[in-house]
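Subject: Structure for you to look at

Hello,

Here is the structure I said I would pass on. Please open it next to this message and follow along.

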Amino acid sequence: MKYRKNGKTGQDVSLLGFGAMRLPTIKGQHGAIDEEKTIHMIRHAIDNGLTYVDTAYVYHNGNSEVVVGKALKDGYREKVTVADKLPFWIAGSKEELDGILAESLRRLDIDIIDNLLVHDINEGSYENFKKFEVLPFVIKAKADGKARNIGFSYHGKTPEFFKELVDLYDWDFVQIQLNYMDQNMQAGVEGLKYLASKGIPAVIMEPLKGGKLTDILPDSITDLWETAPVKRTPADWAFRWVANFPEVTTILSGMSTIEQVEENLSILSEAEAGALTAAELSVIDAVAAEYNRLIPYGCTECRYCLPCPIGLQIPKIVGMRNEAEIFKSLKKTAFEVNAFLDVKPSACIACKKCEELCPQHLHISDIMAECAEMFEVR
Ligand SMILES: NC(=O)c1ccc[n+]([C@@H]2O[C@H](COP(=O)([O-])OP(=O)(O)OC[C@H]3O[C@@H](n4cnc5c(N)ncnc54)[C@H](OP(=O)(O)O)[C@@H]3O)[C@@H](O)[C@H]2O)c1
């Protein structure tokens, strides 16, 4: 495992961190985590040098914290930095924040959260961030010994707003989305460099765009990878692109199988900052350009949009829409939409609750209308 220095604490942090948002589940039930598999995967990663585990109050309907807590029993807790997130946007008032943090500590069954993040401050949630006095709350949580370090995660629209948030406080660390497709989205590379200029450690999420960069590949993408001077898997290329930035402290990956854990441990035991050649970077740029040409909507299936009040499986439908475009499989997708979806896209009531929550800022109600038009039999 490669390690990078956390400039604030002086600690060495493993370049691979474990993101506990996409854990293996039983029968596809999002809240029903396969505990045995997950505990094995997390402990195997720690046994092989991983020192950072990231969960959140809302992941897997609250069960991620519980299972991460179990994985960290038997001496594993002392070997890692535990990151957890405060979803202030589910609170109805500032008084509720205390209860949410206490519940996180209870579920994890630990006394202190090493890295406490204000979860997803964006242009929409900023008003409540101020109204509920979330910053003073986390500063106090640190002073009271409930958190060792405090930071925030960002899915806002622009690097400009990101910089404003960074400037609010001398944060101990910050978490941003970054992969070769999203260089100029949200905080982007500009945001990463800004963090470095302030000496703030950068934790990276969605390095594989939630797995979109490793799913079944369109032929044109496979052809481009074939032109690379070295043979690597798509996951390998994507991780190395992020690791190439010396400003990155640790890269979180949501791993859902032990094979993925093995592969990612191995990749991040080799990847170095500044190691990619100009020829390698130009192949990655060509792949990014081709994906941008092919993919209509940049959904990462993070599920922040759920639950939909009328039960639409939004990430699944957007995924179907993307696949229909990438693989030119309109007929097959139309069959699947009509045969397998209990709630069809045309049922969308355009309440736009999901749009307020979507970290990728997708106009979901428009996409549902488009999918209804494209796929549904009337
Ligand atoms: N704070 C926030 O607002 C926020 C938002 C998003 C994420 N996060 C955190 O950041 C973490 C990382 O983000 P992410 O889960 O989106 O990471 P990611 O690495 O971009 O995506 C994870 C997915 O990639 C696929 N994958 C992983 N390793 C692979 C490999 N070696 N080969 C092929 N496919 C592979 C898996 O998809 P399949 O399951 O389809 O195989 C996995 O579920 C999350 O788990 C979460 O802890 C935080």
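Which residues does L265 touch, not counting residues up to four places away in sequence? Before the answer, please note that this is a predicted model.

L265 touches M1, L16, H44, A45 and N48. It is part of helix α10, which spans residues 258–267. One of those partners, N48, is 217 residues from L265 in sequence, yet the two C-alpha atoms are 7.5 Å apart in space. Is L265 buried or exposed? Its relative accessible area is 5%, and the cut-off for buried is under 20%, so L265 counts as buried.

Next, the strands. Strand β8 covers residues 173–177, and 5 of its 5 residues are buried. F173, Q175 and Q177 point one way from the strand, while V174 and I176 point the other way. Both groups are buried.

β8 has a parallel partner in strand β7 (residues 147–154), with 4 bridges joining them. In this pairing, G151 stands opposite F173 of β8. Between β7 and β8 the chain passes through helix α6 (residues 159–166), and this β-α-β crossover is right-handed.

β8 also runs parallel to strand β9 (residues 202–205), again joined by 4 bridges. Here Q175 has V203 of β9 as its bridge partner. The chain gets from β8 to β9 through helix α7 (residues 188–197), in a β-α-β crossover that is right-handed.

Now the interior. Nonpolar side chains tend to be buried together in soluble globular proteins. In this model, the largest nonpolar core has 95 residues, and F18, F152 and Y180 have the most contacts inside it. Helix α9 (residues 234–243) gives the largest share of this core, 7 residues. Apart from that core lies another one, of 21 residues, including C305, A324, L341 and C354.

What is F152 in contact with, leaving aside its neighbours within four places in sequence? The list is L117, V118, I121, F162, L165, V166, W171, F173, V174 and Q175. Among them, F173, V174 and Q175 belong to the strand β8 described above.

Last, helix α2, which runs over residues 63–71. Its buried residues are S64, E65, V67, V68, G69 and A71. They pack against α1 (35–47), β4 (52–54), β5 (81–86) and α3 (96–108).

A good place to start is L265, with its contacts to M1, L16, H44, A45 and N48.

Regards

Conventions. Residues numbered from 1 in each chain as written. Predicted model: local features only at pLDDT ≥ 70, side-chain atom pairs only at ≥ 80, totals over all residues. Heavy atoms only, no water. Buried < 20%, exposed > 50% of the residue type's maximum accessible area, 1.4 Å probe, protein only. Helix = DSSP H or I, 4+ residues; strand = E, 2+ residues; numbered from the N terminus. Contact = heavy atoms within 4.5 Å. Core = buried A, V, L, I, M, F, W, Y, C linked by side-chain atoms within 4.5 Å. Pairing = 2+ DSSP bridges. Right-handed = clockwise from strand over helix to strand, strands pointing away.
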